[in-house]
Amino acid sequence: MVFRGTELFTRLATLSAPLFRGRLLLLTNTVVSGTLLSAGDILQQSREIRKHPEQNRDWRRTGRMLTVGFSLGPLAHYWYLWLDVVFPGRTLRIVSKKVLLDQIIASPVMGGWYFLGTGLMEGSGLKKSWQEFMDKFVEFYKVDWCVWPPAQVVNFFFIAPRFRVIYVEMVTLGYDTYLSYLKHRKDPELDNSEADPSKICTEGHQNCTTDCFKISG
């Protein structure tokens, strides 16, 4: 039984080998990135529905995550190619430089891309999407520092360059669930700050209705 499993794995590895070479590697990284980012959203929505059974699954939201994932795939692909060219080798010093640059440059850039991309597709506009990223950046970056430095040490020490993006996306499946939660979480403070001033009555109520007139009457 173990022998058959090993033989099957070997055959699959042989058949899939062309997907991790040359131009097909870019395509592979792009498809995997989009697929796993959308999978993370599906998992997160499943958690939300368990807590709130009246909530319906939003496939458009998952589609937006899929699209952003497709756009992040090439960014990650060329980023890791650049790191391996500029910093070849697997010494502790080289790996430390890669991890530090990944945290200082790639993490904020790709995080901003994620929030801006999903926000624009939601119709929020560039300014509002950027503001959301700024409001959630500290929390996002704290979690990022907890997850990615250890994961990237493994990546740069032990993973072959052609498998770097795939490895990152596999780790990202759990992280993407968190990103979906962070992006779609409703923050009361943010919601209140976006209230329409024209709907605040003289009594100080937001989204004023006829109830205010009943109170004043």
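Does L72 count as buried or exposed, and at what relative accessibility? The legends below address this residue and its surroundings in a predicted model.

**Figure 1. The environment of L72 in helix α3.** L72 counts as buried because its relative accessibility is 13%, under the 20% cut-off. The residue is found in helix α3. Setting aside neighbours within four places in sequence, the contacts of L72 are with S33, L37, M110 and W113. The C-alpha atom of L72 lies 7.3 Å from that of T30, although the two residues are 42 positions apart along the chain.

**Figure 2. Helix α3 and its N-terminal cap.** Helix α3 comprises 28 residues, spanning residues 59-86. From the first C-alpha to the last, the helix reaches 41 Å, close to the 40 Å expected at 1.5 Å a residue. At the N-terminal end of α3, D58 acts as the cap. A side-chain oxygen of D58 is placed 3.1 Å from the backbone nitrogen of R60.

**Figure 3. The largest cavity and its lining.** A search of the whole structure identifies one cavity of 30 Å³ or more. The volume of the largest cavity is about 380 Å³. Its lining is formed by 24 residues, of which M110, W148, V168, T172 and Y175 are the closest to the centre. M110 is also one of the residues in contact with L72.

**Figure 4. Helices that contribute to the cavity lining.** At least two lining residues of the largest cavity are supplied by each of α2 (22-51), α3, α4 (92-122), α5 (126-158) and α6 (164-184). Helix α4 gives the most, with seven residues. Helix α3, one of the contributors to this lining, is also the helix in which L72 is found.

**Figure 5. The protein chain as context for the close-up views.** The secondary structure of the protein chain consists of eight helices and zero strands. From the N terminus on, the order of elements is α-α-α-α-α-α-α-α. The chain has 217 residues, and 37% of them are buried; L72 is one of the residues that count as buried. Among contacts with a separation of 6 or more, 68% join residues that are 24 or more positions apart. The protein chain exposes about 13,300 Å², and carbon and sulfur atoms supply 67% of this area.

Notes. Residues numbered from 1 in each chain as written. Predicted model: local features only at pLDDT ≥ 70, side-chain atom pairs only at ≥ 80, totals over all residues. Heavy atoms only, no water. Helix = DSSP H or I, 4+ residues; strand = E, 2+ residues; numbered from the N terminus. Expected span 1.5 Å × (residues − 1). Polar contact = N/O pair within 3.5 Å; in protein donor to acceptor, adjacent residues only side chain to side chain. Buried < 20%, exposed > 50% of the residue type's maximum accessible area, 1.4 Å probe, protein only. Contact = heavy atoms within 4.5 Å. Areas by Shrake-Rupley, 256 points an atom, 1.4 Å probe, with all protein chains shown as cover. 1 Å grid on protein atoms, 1.4 Å probe; cavity = no way out; pocket = protein on both sides within 12 Å on 5 of 7 lines; lining within 4 Å. Points joined across faces, edges and corners; volume = space filled by probe spheres on them.
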